[in-house]
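Trainee: Could you help me read how a protein holds its ligands? I would like the general idea, then the case at hand.

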Amino acid sequence: MTRVDRIAAPWGSRTPYGPGERWPVRTDTFLADGLAPEDVDRWVQSATILHSNGDGLDIAVKDGSIVGVRGRAQDRVNHGRLGPKDLYGWQANASPERLTRPLVRRRGELVETDWDTAMDLVVRRSQELLEEQGPSALGFYTTGQLFLEEYYTLGMMAHGGIGTNHVDGNTRLCTATAAAALKESFGCDGQPGSYTDIDHADAIALYGHNMAETQTVLWTRVLDRLAGPHPPRIVCVDPRLTEVARHADVHLAPRPGTNVALMNGLLSEILANGWVDEAYVAAHAVGIDELREQLAPWSAEMSARICDVPIEALREAARIVGTAERLVSTVLQGFYQSNQATAAAVQVNNVHILRGQLGAPGRGILQMNGQPTAQNTREAGADGDLAGFRNWSNDAQVADLARVWNIDPMQIPHYSPPTHVMQQLRYIEDGSLRFWWVQATNPLVSLPELQRVRSILSQQRLFLVVQDIFLTETAQIADVVLPAATWGEKEGTFTNVDRTVHYSGKAVEPPGEARPDLDIFLDYARRMGFRDKDGDPLVHWHDPRSAFEAWKECSRGRPCDYSGLSYEKLQGGSGVQWPCTDDAPEGTERIYADGAFWSSPDYCESYGRDLVTGAPLSETEYRALNPDGKAVLKYARYVPPHELPSEEYPLQLTTGRTLYHFHTRTKTARAPQLQAAAPEVWVEMSEQDAGAHGFQEGDLLEVASPRAAVRARLRISGIRPGVVFLPFHYGYWDTPAGHEPDGGARAANELTITEWDACSKQPIFKTAAARVTLVRRGDGTPSAAPTTTASRPSRGGVPATRGGESAMAEEDVRAHAGGLA
Ligand SMILES: Nc1nc2c(c(=O)[nH]1)N[C@H]1C(S)=C(S)[C@@H](COP(=O)(O)OP(=O)(O)OC[C@H]3O[C@@H](n4cnc5c(=O)[nH]c(N)nc54)[C@H](O)[C@@H]3O)O[C@H]1N2
Ligand SMILES: Nc1nc2c(c(=O)[nH]1)N[C@H]1C(S)=C(S)[C@@H](COP(=O)(O)OP(=O)(O)OC[C@H]3O[C@@H](n4cnc5c(=O)[nH]c(N)nc54)[C@H](O)[C@@H]3O)O[C@H]1N2
Ligand SMILES: [Mo]
């Protein structure tokens, strides 16, 4: 046993291993108040929920309260490890600020009420609007943080019960592009790769993905490979000097928004050097001739010029990804939230298709998710998809869903794809969408151009329902607030990036009258009286287990097939990867082995889109392109970002995350160790730009875009010159707007632009024009940005981020006796 300050050492100690070896076990434990494992009454199985990695853990319970967590040694995902947010974040569950009773607005004020009154109000408003205007008056905006059973219930209620097409999730802001890119290349959502690919890889390329801070345990796996024999080469594409970049063999720091230009350079090098697996492409892909033809006039030099990266580095990156025997690629927000999101992510798939790097150990693509359960939002059809990855533009598949639900196919709206959230905002603005039910997301901090969002959502004529565990910025303006029970207080399942399904048990009672989200949906369905064709209740289940059984039937025969899973199978050991069927009872480690895809015209989830305009392809066009269901190589022309630097706004603004906080901080700000590590907003600038402006570390600056201005103290970091970075975590719930210590707004999304990707409709949070001016010279005190991460200061003299005694966690690296999945 070793005691480690996991704020100061976020990735913990190394357990080196070599290619093809099993990643050693290291069991991480953090218990409150100096408790020892023997003091714990019960351990309840679950997995992590403050990112998408899905690390197995057990929740420690003593005297009916959560007192800590311990990683599950036998879980295939983490082999016992936990990240800092997982070790300390659970403390928020017991915060005295939890919502414990429903609230309704009376004479302008939110006042406490009982569940009957609150639900009656929600149901009455729903029914009035259905009568007055029909289903299009009602919209749902959900999340990537509930459980599978909850999304399936919600999607069925909204699509099948009410019949509205206005159903989306914050997954739109998050990883809509992952789904869109997989649909373009493989006809269907679902990750080709497995985390075990890290164990085999000889090269790992990370595209716009700060894995070190955002999937800390997966990064620990990479660090352990790097510390062992025959380490993989690392390629990092990120304008900031992240921890990933510091460990990279090649770090390309492109101008934000030029990802497609960069990818086209890599692809043209691969083609020019003959690094193509011709046999694989001939047998398993379409589109090669078109790709060759379109890329013919392109060159690595053009990419280097547009992206402003050294040509030698670009060529070296191309050589690594072009010649690796076992290549793993990961993609995240630096691509998904940037200019030409889907087009860029698809080019990463192209690299793998061209090189036959799919479906075998060490050959994997991880078009990452961000939130813990975002995969389930997509699978269960609670965002822009239909349940079971069914294709909304294929009548036979819609009819099949109607069969499962025992309703008329015409009851499921499928005249167009489900309405994406930015379009829903437009409808609210226009006044046609008048009821909006928001669950487990905080749009008043997380959507772009906050001033606009605030004005749209505060309209009198909108009936706003917010279902949360805290009184967030968004809850504060709601008409009805529904208090939810959360992780550890309810039962359910969820699925991580590499298709691993985990069971999450109920460890403790929720506070006050807070109810599981599932119970709230079931109550609504009952009160609304949704019926199937035979007049029986449409939602025919009553608890998580029966909901899971219903979902299994809905998923049967679809790519995300859960039919071979059960709560029993998921309990006691490791998580299990879908598809899990009678034929594959232990799950499926890699899909697309042997070049078999889910892309045949009758089975595919999507017919694809034009990558530049986003226009959907027709069934006829798709049949002509891909009659035999192969992988699709798709070229995209580079188009520059719309809002480029100008004389008035000479810099590029990008936004993102820090290791210690989760999103709008409703949980992590209530965990003392995490909040202390990153207590307030900062802005990052390069040494060169700070010098040119005459700024010093700690100066209070104003960062302005054409939309608004925010204030933040300066951290001089290794970021690319010409680019400024703001973390987007800092809203106003703990510092009301107008009362910040520095007298100005601080949420990054005050500055971001109302614009989205043509294909995935994911908002663009990563590129806007900005200018920076001095508000007040600092007194020499550095900004409060962490020193352990991408915000590491470029010069000395800044005290190191530490957690101290209250952050000491245990690491156990003794050989693990039990079996490992
Ligand atoms: N600690 C922590 N972990 C988290 C979360 C959290 O809030 N905190 N949230 C979870 C969620 S929901 C998500 S979606 C993920 C997100 O995980 P990541 O995508 O890894 O995180 P971000 O910081 O949003 O963005 C990643 C990187 O994109 C770079 N970037 C910006 N613009 C560009 C560009 O134009 N091109 C390229 N190539 N790179 C660019 C940024 O410099 C940044 O380092 O993290 C998950 N994990
Ligand atoms: N500028 C900028 N903006 C961004 C991003 C960026 O990189 N830059 N990233 C975007 C991305 S990837 C994401 S995912 C979004 C995240 O943005 P949000 O979804 O708005 O952020 P969260 O703080 O995770 O909000 C989740 C809410 O759910 C509540 N909650 C937690 N558990 C439960 C539960 O069990 N039940 C219920 N009912 N509620 C619960 C929490 O208290 C919290 O209020 O932000 C997006 N916005
Ligand atoms: Mo996300």
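**Reading the ligand shells**

Mentor: Gladly! The shell around ligand 1 divides into 8 nonpolar, 19 polar and 6 charged residues. Here Ala, Val, Leu, Ile, Met, Phe, Trp, Tyr, Cys and Pro count as nonpolar, Asp, Glu, Lys and Arg as charged, and the others, Gly among them, as polar. This is a predicted model, where local features need pLDDT of at least 70, side-chain atom pairs count only at pLDDT 80 or more, and totals for chains, interfaces and linings use all residues. Residues are numbered from 1 along each chain as its sequence is written, chains are lettered from A and ligands numbered from 1 in the order in which they are written, and side-chain values use heavy atoms, leaving out hydrogens and water.

Trainee: Which residues are closest to ligand 1?

Mentor: A residue is near a molecule if one of its heavy atoms lies within 4 Å of it. Of the 33 residues that surround ligand 1, the closest are Asp-238, Gly-257, Gln-333, Arg-657 and His-661.

Trainee: Why does ligand 1 lie between two domains?

Mentor: Domain bounds come from an automatic or database domain assignment. Ligand 1 lies between domain 3 (176–368 + 598–632) and domain 4 (651–790) because both give residues to its shell.

Trainee: What polar side-chain contact does Arg-657 offer ligand 2?

Mentor: A polar contact is a pair of N or O atoms within 3.5 Å. A polar side-chain atom of Arg-657 is 3.1 Å from an oxygen atom of ligand 2. For Ser-446, a side-chain N or O atom lies 2.6 Å from an oxygen atom of ligand 2.

How values were computed:
A polar contact is a pair of N or O atoms within 3.5 Å; within protein, one must be able to donate a hydrogen and the other to accept it, and residues adjacent in sequence count only if both atoms are side-chain atoms.
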